[in-house]
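Reader: I've got a new model open and I'd like to learn how to read it feature by feature. Could you walk me through it?

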Amino acid sequence: IQALSGSGTDSFGQPLATTWATILTTFGSVRQASLSETYQSGEFASRVTHIVKIRWTQEPVSAGKRVLCLTSTFIIQAVANVDERNMTMELRCLEIK
């Protein structure tokens with residue numbers, strides 16, 4: 001899992017972060033999201049194409065970070081602590097090409 005790294009802002013107050021730094025290396029599984037997971041409450045949820053499942057960690061894993069898996073890159077859209085048991089995390093991701 002990677003996060004944008006860098007410091008400072010430009011003259012408009014926008015962050016200058018342009019590089020990705022690895023914050024966590026772990027094993028996990030990647031599967032394609034089903035239609036029922038993408039379509040909730042009669043409307044499409046935020047764009048999710050894959051679900052990445054990893055062991056629970058205290059590292060700050062959140063939306064906006066990315067997951068690298070072999071030749072695929074996924075942007076994390078949402079993070080769920082499965083059953084609130086601090087054992088497994090599901091990262092709902094959008095694959096970027």
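Author: We'll go through the fold, the pocket, the charged residues and a few backbone details in turn. Keep in mind that this is a predicted model.

Reader: Fine by me. How many helices and strands does the chain have?

Author: The chain has 1 helix and 9 strands. Reading from the N terminus, the order of elements is β-β-β-α-β-β-β-β-β-β. As for packing, 27% of the 97 residues count as buried.

Reader: Which residue could I look at as an example of a buried one, and what is its relative accessible area?

Author: Try Ile 51, in strand β6. Its relative accessible area is 2%, so Ile 51 is buried, the cut-off being under 20%. You can also use Ile 51 to see how sequence distance and spatial distance go together: Val 79 is 28 residues away along the chain, and the two C-alpha atoms are 9.8 Å apart.

Reader: Now pockets. What's the general idea?

Author: Rolling a probe the size of a water molecule over the atoms shows where empty space is left. Here, the largest pocket comes out with a volume of about 290 Å³. It is lined by 17 residues, and those closest to the centre are Ile 1, Thr 26, Val 67, Leu 68 and Cys 69. Strands β3 (28-32), β6 (50-55) and β7 (66-69) each give two or more residues to that lining.

Reader: What is the chemical character of the lining of the largest pocket?

Author: The lining divides into 11 nonpolar residues and 6 polar ones, with no charged residues.

Reader: On to charges, then. How many salt bridges does a search of the whole structure find?

Author: The search finds 3. What to look for is a side-chain nitrogen of Lys or Arg within 4 Å of a carboxyl oxygen of Asp or Glu. Start with Glu 90 and Lys 53, whose closest N and O atoms are 4.0 Å apart. This pair links distant parts of the chain, with Glu 90 in strand β9 (residues 88-96), Lys 53 in strand β6, and their positions 37 residues apart.

Reader: Is Glu 90 buried or exposed?

Author: Glu 90 has 12% relative accessibility, so it counts as buried. Its partner Lys 53, at 37%, counts as partly exposed. Glu 90 also forms a salt bridge with Arg 92, with the closest N and O atoms 3.2 Å apart. Arg 92 is partly exposed, at 25% relative accessibility. Put together, Lys 53, Glu 90 and Arg 92 are linked in a network of salt bridges.

Reader: And which residue forms a salt bridge with Lys 97?

Author: That's Glu 95, with the closest N and O atoms 3.9 Å apart. Glu 95 is partly exposed at 22%, while Lys 97 is exposed, with a relative accessible area of 90%.

Reader: What about a charged residue that is buried yet has no salt bridge?

Author: Look at Arg 66, which sits in strand β7. Arg 66 is buried without a salt bridge, and the nearest side chain of opposite charge, Glu 95, is 12 Å away. The side chain of Arg 66 does have a polar contact of 2.7 Å with the side chain of Gln 2.

Reader: Are there similar side-chain details in the loops, and where is Thr 57?

Author: Thr 57 lies in the loop between β6 and β7. At 16% relative accessibility, Thr 57 counts as buried. Its side chain reaches the backbone nitrogen of Glu 59 at 3.1 Å.

Reader: Last topic, backbone angles. What should I check?

Author: Most residues other than glycine have a negative phi, and most peptide bonds are trans. Against that background, Leu 70 has a positive phi of about 55 degrees. Leu 70 is in the loop between β7 and β8 (72-81) and is exposed, with a relative accessible area of 87%.

Reader: What is the phi of Asp 83, and where does that residue lie?

Author: Asp 83 has a positive phi, near 55 degrees. Asp 83 is placed in the loop between β8 and β9. With a relative accessible area of 62%, Asp 83 is exposed.

How values were computed:
Residues are numbered from 1 along each chain as its sequence is written. This is a predicted model: local features need pLDDT of at least 70, side-chain atom pairs count only at pLDDT 80 or more; totals for chains, interfaces and linings use all residues. Side-chain values use heavy atoms; hydrogens and water are left out. On a 1 Å grid over the protein atoms alone, a cavity is a set of points where a 1.4 Å probe fits but cannot get out, and a pocket is an open set with protein on both sides within 12 Å along at least five of seven lines; lining residues have an atom within 4 Å of a point. Grid points are joined across faces, edges and corners, and a volume is the space filled by probe spheres set on the points. Helices (H or I, at least four residues) and strands (E, at least two) are DSSP runs, numbered from the N terminus. Ala, Val, Leu, Ile, Met, Phe, Trp, Tyr, Cys and Pro count as nonpolar, Asp, Glu, Lys and Arg as charged, and the others, Gly among them, as polar. Buried means under 20% relative accessible area, exposed over 50%, partly exposed in between (1.4 Å probe, protein chains only). Lys and Arg count as positive and Asp and Glu as negative; His and the chain ends are not counted. A polar contact is a pair of N or O atoms within 3.5 Å; within protein, one must be able to donate a hydrogen and the other to accept it, and residues adjacent in sequence count only if both atoms are side-chain atoms.
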